[in-house]
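The following report is meant to be read alongside the sequence and the coordinates, moving from the whole chain to its interior and then to single residues.

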Amino acid sequence: MLEIWQETLNWQPNQIQQQQFQQLYELILVANQHLNLTRITTPEDFWEKHLWDSLKGIAQLLNTSTTSPLRAIDIGTGGGFPGIPVAIALLNCHVTLLDSTRKKIAFIETILPQLSLNNLTTLTGRAEEIGQQTQHRQAYDLALIRAVAPASVCAEYALPLLKENGLAILYRGQWTEEETETLEKAVKELGGVIESIETFTTPISNSQRTCLYLKKIATTPANFPRPVGIPTQKPL
Ligand code: SAM
């Protein structure tokens, strides 16, 4: 796998990181027997859809030499993706793993000590509420969000949490021009712009993926995120 990391991300995990990825896989497999965290269980699928996919979204950061500390939040982290692989790969980044399902956060809390990671924090709650709390609003450099909601809903969850100039990374599958137009309007209302859209194929199954990079350029109006459930009922 080291060659594929190098060829596709121009980056390789060191020995400790390789052990942490392997351990994460084993812990997820065991927990999956009773928690139903993921349908992805073969080693290849786990590598591609959980590890590689999580890190592809932050590929630019893997290859920068900056050591200035970053604060990231993974919104709707589920079993810990993309947040745990990102915390393993970016040692200068403190990642908060947020999910509304207590059971999922409880699972993550049981495995963290075994991964020997000290740059991860867990948080149970709804993104709509967390985004209105002063200790989290405008507090993060990076917001990661994968497989949680339609793109404009993800933008409404993510942008209020970012500092100005912060970056939201929306991990998506297929993507269309029409979706870009709808998202552009929503992002503008939230104080952001679509900085770039990157479409790529995954190295093993050749599936299509898209990462949307949203930059926060102005303060998000105080009424966003709207109360729990409203972003999904009435997407911007
Ligand atoms: N991001 C993970 C991944 O890609 O494997 C998990 C995706 S899972 C399909 C969606 C997760 O988002 C669930 O764990 C759910 O509890 C969480 N979620 C959905 N809406 C949320 C919200 N408004 N605030 C926080 N978490 C939310």
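A contact here means heavy atoms within 4.5 Å. By that criterion, among contacts in the protein chain between residues at least 6 apart in sequence, 70% join residues at least 24 apart. The model is a predicted one, and the protein chain in it has ten helices and seven strands.

**Overall form**

The C-alpha trace of the protein chain spans about 45 × 35 × 35 Å along its principal axes. For 236 residues, a compact globule would be expected to have a radius of gyration near 18 Å, and the 17 Å of the protein chain agrees with this. Of these 236 residues, 53% count as buried, while the surface that the chain exposes comes to about 10900 Å², with carbon and sulfur atoms supplying 50% of it. As for charge, the mean positions of the 19 positive and 23 negative charges lie 7 Å apart.

**The interior**

In soluble globular proteins, nonpolar side chains tend to be buried together. In this model the largest nonpolar core has 48 residues, of which Trp5, Leu24, Leu55, Ile58, Ile84 and Ile169 touch the most other members. Helix α2 (residues 15–35) gives the largest share of this core, seven residues. Apart from it lies another core, of 30 residues, whose members include Ile73, Cys154, Leu161 and Leu190.

Which residues is Ile84 in contact with, leaving aside its neighbours within four places in sequence? They are Leu24, Gly79, Leu97, Ile108, Ile111, Leu115, Leu117 and Leu120.

Helix α3 (residues 43–56) is largely enclosed by the rest of the structure, because ten of its 14 residues are buried. The buried residues of α3 include aromatic names such as Phe46, Trp47 and Trp52, but also Glu48, Asp53 and Lys56.

Val95, in strand β2 (residues 93–99), has a relative accessible area of 0% and therefore counts as buried, the cut-off being under 20%. Although Val95 and Ala72 are 23 residues apart in sequence, their C-alpha atoms are 4.7 Å apart in space. Beyond the neighbours within four places in sequence, the contacts of Val95 include Ala72 and Asp74, Gly83, Val86 and Ala87, as well as Asn119, Leu120 and Thr121.

**Backbone exceptions in loops**

Most residues other than glycine have a negative phi, and most peptide bonds are trans. The table gathers four places in this model that depart from these habits.

| Site | Feature | Angle |
|---|---|---|
| Phe81 to Pro82 | cis peptide bond | omega near 5° |
| Phe224 to Pro225 | cis peptide bond | omega about -5° |
| Asn10 | positive phi, not a glycine | phi about 55° |
| Gln138 | positive phi, not a glycine | phi near 55° |

Pro82 is found in the loop between β1 (70–75) and α5 (83–89), and Pro225 in the loop between β7 (208–216) and α10 (230–233). Asn10 belongs to the loop between α1 (2–9) and α2, whereas Gln138 sits in the loop between α7 (127–130) and β4 (140–146).

Are Asn10 and Gln138 buried, partly exposed or exposed? Asn10 counts as exposed because its relative accessibility is 51%, and the cut-off for exposed is over 50%. Gln138, with a relative accessible area of 36%, is partly exposed.

Terms used
Residues are numbered from 1 along each chain as its sequence is written. This is a predicted model: local features need pLDDT of at least 70, side-chain atom pairs count only at pLDDT 80 or more; totals for chains, interfaces and linings use all residues. Side-chain values use heavy atoms; hydrogens and water are left out. A nonpolar core is a set of buried Ala, Val, Leu, Ile, Met, Phe, Trp, Tyr and Cys residues joined through side-chain atoms within 4.5 Å. Buried means under 20% relative accessible area, exposed over 50%, partly exposed in between (1.4 Å probe, protein chains only). Helices (H or I, at least four residues) and strands (E, at least two) are DSSP runs, numbered from the N terminus. The radius of gyration is taken over C-alpha atoms; the globule rule is 2.2 Å times the number of residues to the power 0.38. Accessible areas come from the Shrake-Rupley method with a 1.4 Å probe; for residues, only the protein chains shown count as cover. Lys and Arg count as positive and Asp and Glu as negative; His and the chain ends are not counted. The place of a charge is taken as NZ of Lys, CZ of Arg, CG of Asp or CD of Glu.
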